[in-house]
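Here is a friendly walk through one structure, with the sequence and the model side by side. Keep the viewer open as you read.

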Amino acid sequence: MKHKENITYKAGDLVEGDKYRIETDSMGPIKVSADRLWGAQTERSLLHFSIGEDRMPLIVNHAYGYVKKAAAVVNKEAGILSEDKAELIINVADEVISGQLDNEFPLYVWQTGSGTQTNMNINEVISNRAIQKVGGKLGTKNPIHPNDHVNMSQSSNDTFQTAMHIATVLEFSNRLIPRIEALIDVMWEKAVGWVDVVKIGRTHLQDATPLTVGQEWSGYVTQLKDALQLIKNSMSGLYQLAAGGTAVGTGINTLSGFGVSIAAEIARLTEHPFVTAPNKYAAQASLDAMVNASAALRSLAVALMKIANDIRWLGSGPRAGIHELQLPANEPGSSIMPGKVNPTQEEALIMVCIQVIGNDNAVAVAGSQGNFELSTMRPIITKNVLHSSLILADVCQNWRKYSVEGITLDKKGIEKYVNESLMLVTSLSPVIGYDKASAIAHQAHAQSITLREAAIASGYITEDEFDKIIDPSTMVGDPRKDLGLV
């Protein structure tokens, strides 16, 4: 690069009053802010892909730290990377993993579909930070070269898939799964506590036969447990890593057995059971494991949306709605109606679920777009899966803390609905027949009288028979057995 006075600058030189330094790559020199650790390829990506405000999730960069650390360990043990260089890379990779260098990872999601620029961002930062630690000159690639040393035995094509799998496993394990489990625990406590509270059931949005609140909530718990199991099951595919396949899956420019060794080292570092993918061609040409993980997140969103809608409807009112549930009042619900309280946590949860379903649609389409030996839709899939996991984890925690834990029952309202329900007539069918029981229900509704009054007036049944047969507590089966409490 030449200054206006025709002075030629070399890699690492400072220019414009030391505001910038010169970094180089195969395309030539480019100016980079002197206070940044990234290099030429990162700078070019920032220039060419400044699209929107979506940045590569930092957890992907942290996961890449594990990849670079593990690669340095394996290369050192194989004798192709000197111990001093390996230790420098390992030391800086630890800083990447811990988040100390987060400000050095500015790239946008919307970049090359292989994730090459994110890989090079990591390589360049580790290179320059290592140079900085030994008192060298930034940008010179000496003593640590981003390609020759940090990227040794690797390609973006195998390491980005590896990093996205690690990131997703860490996000699921450290944040999402514990928060789903905590929500399930609280909902189960509610189910057990309300196991004997008889309420009216509803099908087609119409009155149906009774069940208990505990039975109803046990259904919610089971939905969440099933969705959680799908998420855990999806992790088996995420544990398979493409590292070792390099460019197209053949492992060119890498060591024999490198894939097995780096996966074992990543498993040791993360304490998760990562293994080398048995077929690197599938691992690099497709993103099926991430698509499957996204589908599992969608299943959770579908279950949560159903439950949240039930709860906000059951809490509607307080005077003109169902109001079987009393939801916590966390904040004023209206800027114009004093005293109004809204089911805001449920509304937020439903919006998150809608977003997750939308994210999954994008993931499914992107997953179908792999061509030949490489899927080049990786950044959008990574961003959407991690985004879905993050917002689901957060909303599960908030919904549990600020709504579910504080929900109580309006037992008077519940009892009133049970006693006034016309569908209690169902228990009369085996005694007087379906047609007669149906006529009683219609008569009660038409004349706005109780079911008991209509039944006795029909002459089909006596008062004593009615009182013996129509006992809501006998119509709910065995709720304690249903919940496994006996």
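## How H10 and H12 cross

In this predicted model, helices H10 and H12 make a left-handed crossing. H10 covers residues 288-314, and its axis comes within 10 Å of that of H12, at an angle of roughly 30 degrees. Because angles under 35 degrees count as roughly parallel, H10 is roughly parallel to H12.

Which residues meet where the two helices touch? On the H10 side, look for Met290, Ser294, Leu297, Leu300, Ala301, Leu304, Ile307, Ala308 and Ile311. Their partners in H12 are Ile381, Thr382, Val385, Ser388, Ser389, Leu392, Cys396 and Trp399.

## The nonpolar cores

Leu304, one of the H10 residues that meet H12, turns up again in the largest nonpolar core. That core has 114 residues, and Leu304, Met187 and Trp217 are the ones that touch the most other members. H6 gives the largest share of this core, with 16 residues. As background, nonpolar side chains tend to be buried together in soluble globular proteins.

Trp217 is a good residue to click on. Leaving aside residues up to four places away in sequence, Trp217 touches Met187, Lys190, Ala191, Trp194, Ile311, Leu325, Val404 and Ile407. Ile311 in that list is also among the H10 residues that meet H12. Apart from the largest core lies another one, of 16 residues, including Val425, Leu428, Leu451 and Ala454.

## Salt bridges around Arg175

The model holds 25 salt bridges. Four residues, Glu171, Arg175, Arg179 and Asp394, are linked in a network of them. Start with Arg175 and Glu171, whose closest N and O atoms are 3.0 Å apart. Both residues belong to helix H6, which runs over residues 156-193, and they sit 4 residues apart, about one turn of the helix.

Are the two partners buried or exposed? Glu171 counts as buried, because its relative accessibility is 7% and the cut-off for buried is under 20%. Arg175, at 30%, counts as partly exposed.

Arg175 also forms a salt bridge with Asp394, where the closest N and O atoms are 3.5 Å apart. This pair links distant parts of the chain, with Asp394 in helix H12 (residues 378-402) and Arg175 in helix H6, 219 residues apart. Asp394 is partly exposed, with a relative accessible area of 30%. H12, then, meets H10 through the residues named above and is joined to H6 by the bridge between Asp394 and Arg175.

## A bridge between H16 and H17

Further along the chain, Arg452 and Asp467 meet through their side chains in a salt bridge, at 2.9 Å from N to O. Here too the pair links distant parts of the chain: Arg452 is in helix H16 (residues 451-458) and Asp467 in helix H17 (residues 463-469), 15 residues apart.

Both ends count as partly exposed, since Arg452 has a relative accessibility of 31% and Asp467 has one of 39%, while partly exposed lies between 20% and 50%.

## Gly477 in its loop

Where is Gly477? Gly477 lies in the loop between H17 and helix H18 (479-482). At 59% relative accessibility, Gly477 counts as exposed, because the cut-off for exposed is over 50%. To get a sense of scale, pick the C-alpha atoms of Gly477 and Pro379: they are separated by 51 Å, and the two residues are 98 apart along the chain.

Notes: Residues numbered from 1 in each chain as written. Predicted model: local features only at pLDDT ≥ 70, side-chain atom pairs only at ≥ 80, totals over all residues. Heavy atoms only, no water. Buried < 20%, exposed > 50% of the residue type's maximum accessible area, 1.4 Å probe, protein only. Core = buried A, V, L, I, M, F, W, Y, C linked by side-chain atoms within 4.5 Å. Contact = heavy atoms within 4.5 Å. Axes fitted to C-alpha atoms, helices over the stretch in contact; angles between N-to-C directions. Parallel < 35°, antiparallel > 145°, perpendicular 65-115°, else oblique. Left-handed = near helix turned anticlockwise from the far one by under 90°.
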